[in-house]
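Please open the model in your viewer and keep the selection panel handy. We will go from stop to stop, choosing something to select each time and then looking at what is there.

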Amino acid sequence: MAELAHADDAAIADPSLRHHFANSAQQLDAAMLGMWTFLITEVLFFGGMFTAYAIYRTIYSEAFASTSHYMNVILGGTNTAVLICSSLSMAMAVRSAQLSRYKTVVISLILTMIFGTVFLVVKYFEYSEKWREGLIPGIKFDTVNYHVPQYAHEAQILFFLYFAMTGMHALHMIVGLGLLTYLVVKARQKAFNASYYTPVEMIGLYWHFVDVVWIFLFPLLYLIGNRGPH
Amino acid sequence: MTSSHIPSTKSLVSVWAALICLTWTTVGVSYIELGELNVVIALLIALIKASLVAWIFMGVRFSAPMTRLFVVAGLVWLTIMIVITSGDYATRRYDNRPKSWTPTPPANTSTKPIPPAVGNK
């Protein structure tokens, strides 16, 4: 009974603390564990595509090397840097929330959204370039003008994986931007402070995870095999 | 109170700087012909970058032991998926795996030749 009474007191003192947790530290730990569990399912989801990529890359290595001719390293590298910047501003948003700096939270979150949007705009230009060059497998693939005609068929597997992986990644970015919008609205109402910032921390984890996926996508899709004659 | 650690601005900014430098490095190295080493270096740098993000930005460094156990477990499952699947492809004999498709004939041919099954050793 004494413990129950204590829990009720704590809940009155801190309205964000749910009654089934002993204190807000335990509540945050539980939320973190749940979020990581979700992120691990995401790791395995993307992992399946990475596995497919590794296998096809091994089976049709020369054909895959020929596709790097069409990858824009400058745009890909720019996007990598943009995402790293967005991760920094996201981490700053979490830190500001932990310190109850209401204004900085909003500014950091908006910065993160700007970087995220820049990433998607660059991605749009990359996709439209692929569309113009006729590199969309199944819909618009120009097998005749492919620069190494004998690999035109196998190369489509890589372009399929390219669109599947970067497309799934971009979809995660769009979802992330939606979540960030929610955070900005809440942060403007001063909903997050030192004693309760769980949503900022959780969506921060998600955003960093999406960054980690891109950290692997960039070298695998853009960098490997970008030397030599094409 | 393990998860309520507040990272310093200095540590966050230095991780950001390290990530940007590593991105430059990996782009630079990709232009040097090193054969198979290119893949290894690119993946190694990606692994370092991902670890930095997870360790500092995602706060694994200060997270609860149970959370860390989950993170490691997730990586173990990922390894199992990649290693065992690759092992299957590396050791199984695929008789009908096309080494290459024949170049596409002009669009007017209605009967497409069936790709020959090559790779039968």
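A salt bridge here is a side-chain nitrogen of Lys or Arg within 4 Å of a carboxyl oxygen of Asp or Glu. Please keep in mind along the way that this is a predicted model.

**Stop 1: a pair within one helix**

Select A:Lys123 and A:Glu126 and show their side chains. They meet in a salt bridge, with N to O at 3.3 Å. Now colour helix α5 of chain A, residues 102–132: because the two residues sit 3 apart in this helix, about one helical turn separates A:Glu126 from A:Lys123. How many salt bridges does a search of the whole structure find over all chains? The search finds 1.

**Stop 2: where the chains meet**

Next, colour chain A and chain B separately and select the residues in contact. You should have 49 residues from chain A and 52 residues from chain B. The area buried between chain A and chain B is about 4,600 Å², and carbon and sulfur atoms give 75% of that. Looking for charged pairs across the boundary, you will count 0 salt bridges between chain A and chain B. Polar contacts do appear there: 3 residue pairs between the two chains, with both residues at pLDDT 80 or more.

Stay on the chain A side for a moment. Four elements of chain A each give two or more residues to the side that touches chain B: α2, α4, α6 (152–188) and α7. Which of them should you select to see the largest share? Pick α2(A), which supplies 16 residues. Colouring this side of chain A by residue class gives 32 nonpolar, 12 polar and 5 charged residues.

**Stop 3: the largest pocket**

Now turn on a pocket display. The largest pocket holds about 1,300 Å³ of space. Its lining has 42 residues, and those closest to the centre are A:Phe50, A:Phe216, A:Leu220, B:Leu43 and B:Leu47, so select these five as your starting point. Then widen the view to the helices. From chain A, α2 (24–59), α3 (61–67) and α7 (198–223) each supply at least two lining residues, as do α2 (37–57) and α3 (65–91) of chain B. The largest share of this lining is that of α2(A), with 11 residues. By class, the lining of the largest pocket divides into 28 nonpolar, 8 polar and 6 charged residues.

**Stop 4: the second largest pocket**

Move on to the second largest pocket, with about 270 Å³ of space. Select B:His5, B:Pro7, B:Ile56, B:Phe57 and B:Gly59, which are the closest to its centre among the 22 residues of the lining. Helices of both chains take part: α4 (73–98) and α7 of chain A, and α1 (9–30) and α2 of chain B, each supply at least two lining residues. With 4 residues, α7(A) gives the most to this lining. Here the classes come to 11 nonpolar, 9 polar and 2 charged residues.

**Stop 5: a cavity**

For the last stop, switch from pockets to cavities. The count is 1 cavity of 30 Å³ or more, and the space in the largest cavity is about 70 Å³. Which residues lie nearest its centre? Select B:Thr26, B:Val29, B:Ser30, B:Asn38 and B:Ala42, from a lining of 11 residues. Two elements of chain B, α1 and α2, give two or more residues each to this lining, and α2(B) gives the most, with 5 residues. Colour the lining of the largest cavity by class to finish: 7 residues are nonpolar, 3 are polar and 1 is charged.

How values were computed:
Residues numbered from 1 in each chain as written. Chains lettered and ligands numbered in written order. Heavy atoms only, no water. 1 Å grid on protein atoms, 1.4 Å probe; cavity = no way out; pocket = protein on both sides within 12 Å on 5 of 7 lines; lining within 4 Å. Points joined across faces, edges and corners; volume = space filled by probe spheres on them. Nonpolar A, V, L, I, M, F, W, Y, C, P; charged D, E, K, R; others polar. Contact = heavy atoms within 4.5 Å. Buried area = accessible area lost by both parts, 1.4 Å probe. Polar contact = N/O pair within 3.5 Å; in protein donor to acceptor, adjacent residues only side chain to side chain.
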